[in-house]
Amino acid sequence: MAAGVATWLPFARAAAVGWLPLAKKTMPKPPVDNSSRSDEILYVNVSGVRFQTWKNTLDRYPDTLLGSSEKEFFYNEDTQEYFFDRDPEMFRHILNFYRTGKLHYPRHECIQAFDEELAFYGIVPEIIGDCCMEEYRDRKKENQERLAEDTEANEATDAPLPPHSTSRERLWRAFENPHTSTMALVFYYVTGFFIAVSVIANVVETVPCRPPKGRVKDLPCGEKYQLAFFCMDTACVLIFTFEYLMRLFAAPSRCKFMRSVMSVIDVVAIMPYYIGLVMPENEDVSGAFVTLRVFRVFRIFKFSRHSQGLRILGYTLKSCASELGFLLFSLTMAIIIFATVMFYAEKGTKGSTFTSIPASFWYTIVTMTTLGYGDMVPNTIAGKIFGSICSLSGVLVIALPVPVIVSNFSRIYHQNQRADKMRAQQKVRLARIRMAKKGTTNAFLQYKEDRALGDPDSDNTALCVKNRSAFEHQHHHLLHCLEKTTNHEFTDEMTYSELCMTESVGFRTSRSTSLSSQQGVQNNSTGCCPRRARRRAAMRLANSTVSVSRGSVQELDTLHIKTTSIASQNRSSLNAQASDLKLNCGEPDFTAAIISIPTPPANSPDESLPSSPAPIPGILRNTRARAFTHETVKISSL
Amino acid sequence: MGLVMGTFSLQSKQVNYHKDKADDDLEMTMVCHRPEGLDQLEAQTNFSKRELQVLYRGFKNECPSGVVNEDTFKQIYSQFFPHGDASTYAHYLFNAFDSAHTGSIKFEDFVTALSILLRGSVQEKLQWTFNLYDINRDGYINKEEMTDIVRAIYDMMGKYTYPVLKTDAPKQHVDAFFQKMDKNRDGVVTLDEFILSCQEDENIMRSLQLFENVI
């Protein structure tokens, strides 16, 4: 329950006087508060720095270290203070949390150190106030990502292959992570070298070389040393083809591989050569052949396998694609507008180069990008005016794309992070509210059952009862008063739905309900209070005609088998645990109870129960099923 | 292009203007109220100085501004009674505390009411309860008022109760109450009838002593 609420509890209890004239039953006795009435100042020494605070302040959060009896472990009798060997700077924030109810995250501290302190003092980080929550989450995510990257990098490169990997898997791994084996590294560098060689050859091919003897004109080197270049090209293409085929063979999913960008680039890089081989050497198609040779320049994109930077750039452009598209569209609009204006302004003049609007496009683009080649120039005054407006607006337009791309990139990146953060926060907040509600419900129901234990187990009750905070006592008493006022009792959702069904339908064959209730829901542990459960079950028996379906009887039998199979040597130890378990029932975190229903009843009973009597948390079971077993196996909540 | 940019900038200016107005409103609500001196409160109530100190520390921590408004009340009650809907009852209780009908409870109101409830005489407690039930403060509790109060109390129980809550349970409760309290069967309960009937009932008398140790 939230801290501040504790302050209001006395007032809510006092207001319960208003129910008294209405009450149908007598009010229960209030819990005896033996603790000293007057508030005392506690001294907390954290590594030499002495803090002082009221005891009430610390009691506000009973499920933390300082608020619970756990701090007694740190009490120093000699100096009459609580001593913690922790960071005093951090403790300041922790103590402020108790004082103000809000936990702040100090920005200069390391996130991990802070988390560790919170864990030590038993404070859940979700309580961090909204003011610091975003910062905290940012840092935490950053840290986690960095750790994940580190571990991933470590694993990816150094992880040994699974022992029975096929040669195919090994080959794929060699291709993806060249650092794993020397062979892969050699292959990686060789392919890189040949990509470079191929690209350089393509470039040098076109450089004019000195003409051979007997010719006057300069020849491009490609034609002079045709054979040499052809051999080099063949060698490169052979290597690329070989590499592509190897990758195709090794790929775990060939279809996916063939559709990936890198493989498309590979194909485009080597296709022209093969097409050139196949095509005959005639003049008609040589034009197309030349076009194909242009595609050879795509080999340079193969470098992106070797370079991380290229990949990031590609991703950036891809992520900003829509913004770039819109920018292009607006540019096109501006070009069309200005081109039209220039065309009509220059229409009249003789010998004007603005022959048509499409022709004016060229002028507009050249002017707007401030290139100004000078091949098209306006002559009329109107043309010159509009031309200058065009170039001025061009300056503005060119200034736009660069920050747009940069800001878009960072905006998209941060936007994703913020959306996830908000969604997580929302979920956490809702979950917190739900958990708090369920927690109080379960705690109160537990309290009622403990009260019903009665005198015979007075020692255990007292112990059990003592472990709860005074606040919880008083709150439960208040709820109890309300019950007496209205002469109705609180129950949980499950029992309520059962009651509804028993009252409406006479005959129940609810095998499914009993199963579902077994697998269900947050039923709080009734480990300490078998008698109460039995009494409740008896009442339910009285209510319904046939309360136990065949299904549940069958389960009962199997459960019964289970209980008897616990040999007597275990029984005593289990009973010995009973006292521990009764003490455990004071644990406030019922909501954290994970219901681990053991194996379905079909399994052999021996296997499903823990064999050792060590204090392993037992099995949480449905009250209904358990009520009918007379050997009450006492169980604790996890 | 320039026109487009101009229109965009105009729009953003308007947004800023709205934000400034909100800031002004925020400043106005940060009213602070300080209670009277400790000695005066000690004289007016049945609490000792220490108790008042403890109470005020808790109160001030929760409400630094020194006043509790109805929404806070409802929130507090909904946390104490998470099973059902405590807002209606919190509303009636708020009105009972806020005797001056100012719309907010100051520390003096808070402490005065607590003093009556915890340290007051039987007469005072019963009178306070009567005021709680008498919603319109006309000196009479009629069936409608009582039904509203009882329904609000039952709302706090929520849906999941044992035995199942029937729809006429509040009405039955109110009828039983009137049976007991309304001596002259005129359909309303006056303060004297109320106090007399409560004093006759031993259970109520005994229960009144239960809450003395709350603080």
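Which helix supplies the largest share of the lining of the second largest pocket? In this predicted model, the answer is H13(A), with eight residues. The legends below start from that pocket.

**Figure 1. The second largest pocket and its lining.** The pocket holds about 1100 Å³ of space. Its lining consists of 35 residues, and those nearest the centre are A:Met262, A:Ser304, A:Arg305, A:His306 and A:Arg311. Sorted by class, the lining contains 19 nonpolar, nine polar and seven charged residues. At least two lining residues come from each of helix H5 (130-158), helix H6 (167-176), helix H7 (182-205), helix H9 (226-250), helix H11 (261-278) and helix H13 (308-319) of chain A.

**Figure 2. Helix H9 of chain A and its packing partners.** The end C-alpha atoms of H9(A) are 36 Å apart, in agreement with the 36 Å that its 25 residues should span at 1.5 Å a residue. Buried residues of H9(A) include A:Phe229, A:Val237, A:Phe240, A:Tyr244 and A:Leu248. Charged side chains also appear in the buried set, among them A:Asp233, A:Glu243 and A:Arg247. The buried residues of H9(A) pack against H6, H7, helix H8 (221-224), helix H10 (254-259) and H11 of chain A. H9 of chain A also supplies at least two residues of the lining shown in Figure 1.

**Figure 3. Two residues of chain A with positive phi, A:Thr370 and A:Asn487.** A:Thr370 is not a glycine, yet its phi is about 55°. The loop that holds A:Thr370 runs between helix H15 (357-368) and helix H16 (381-399) of chain A. With a relative accessible area of 52%, A:Thr370 counts as exposed because the cut-off is over 50%. A:Asn487, also a residue other than glycine, has a phi near 60°. A:Asn487 sits in the loop between helix H19 (470-486) and strand S7 (489-490) of chain A. Its relative accessible area is 33%, so A:Asn487 is classed as partly exposed, between the limits of 20% and 50%.

**Figure 4. The loop around B:Ile135 in chain B.** B:Ile135 belongs to the loop between helix H7 (122-133) and strand S3 (140-142) of chain B. Its relative accessible area of 29% makes B:Ile135 partly exposed. Apart from neighbours within four places in sequence, B:Ile135 makes contact with B:Tyr92, B:Glu145, B:Asp148 and B:Ile149. B:Leu93 is 42 residues from B:Ile135 along the chain, and the C-alpha atoms of the two are separated by 9.8 Å.

**Figure 5. A cis peptide bond and helix H9 of chain B.** The bond from B:Tyr162 to B:Pro163 is cis, and its omega is near -10°. B:Pro163 is in the loop between strand S4 (161-162) and H9 of chain B. Helix H9 (residues 169-181) has 13 residues and reaches 18 Å from its first C-alpha to its last, close to the 18 Å expected at 1.5 Å a residue. Buried residues of H9(B) include B:Ala169, B:His173, B:Val174, B:Phe177, B:Phe178 and B:Met181. An α-helix has 3.6 residues a turn, so residues three or four places apart point the same way.

**Figure 6. The two chains as context for the close-ups, A and B.** Chain A contains 26 helices and seven strands, and 38% of its 638 residues are buried. The accessible surface of chain A is about 35700 Å², with 62% belonging to carbon and sulfur atoms. Chain B contains eleven helices and five strands, and 40% of its 215 residues are buried. For chain B the accessible surface is about 11700 Å², with 53% belonging to carbon and sulfur atoms.

Methods. Residues numbered from 1 in each chain as written. Chains lettered and ligands numbered in written order. Predicted model: local features only at pLDDT ≥ 70, side-chain atom pairs only at ≥ 80, totals over all residues. Heavy atoms only, no water. Helix = DSSP H or I, 4+ residues; strand = E, 2+ residues; numbered from the N terminus. Buried < 20%, exposed > 50% of the residue type's maximum accessible area, 1.4 Å probe, protein only. Contact = heavy atoms within 4.5 Å. Areas by Shrake-Rupley, 256 points an atom, 1.4 Å probe, with all protein chains shown as cover. 1 Å grid on protein atoms, 1.4 Å probe; cavity = no way out; pocket = protein on both sides within 12 Å on 5 of 7 lines; lining within 4 Å. Points joined across faces, edges and corners; volume = space filled by probe spheres on them. Expected span 1.5 Å × (residues − 1).
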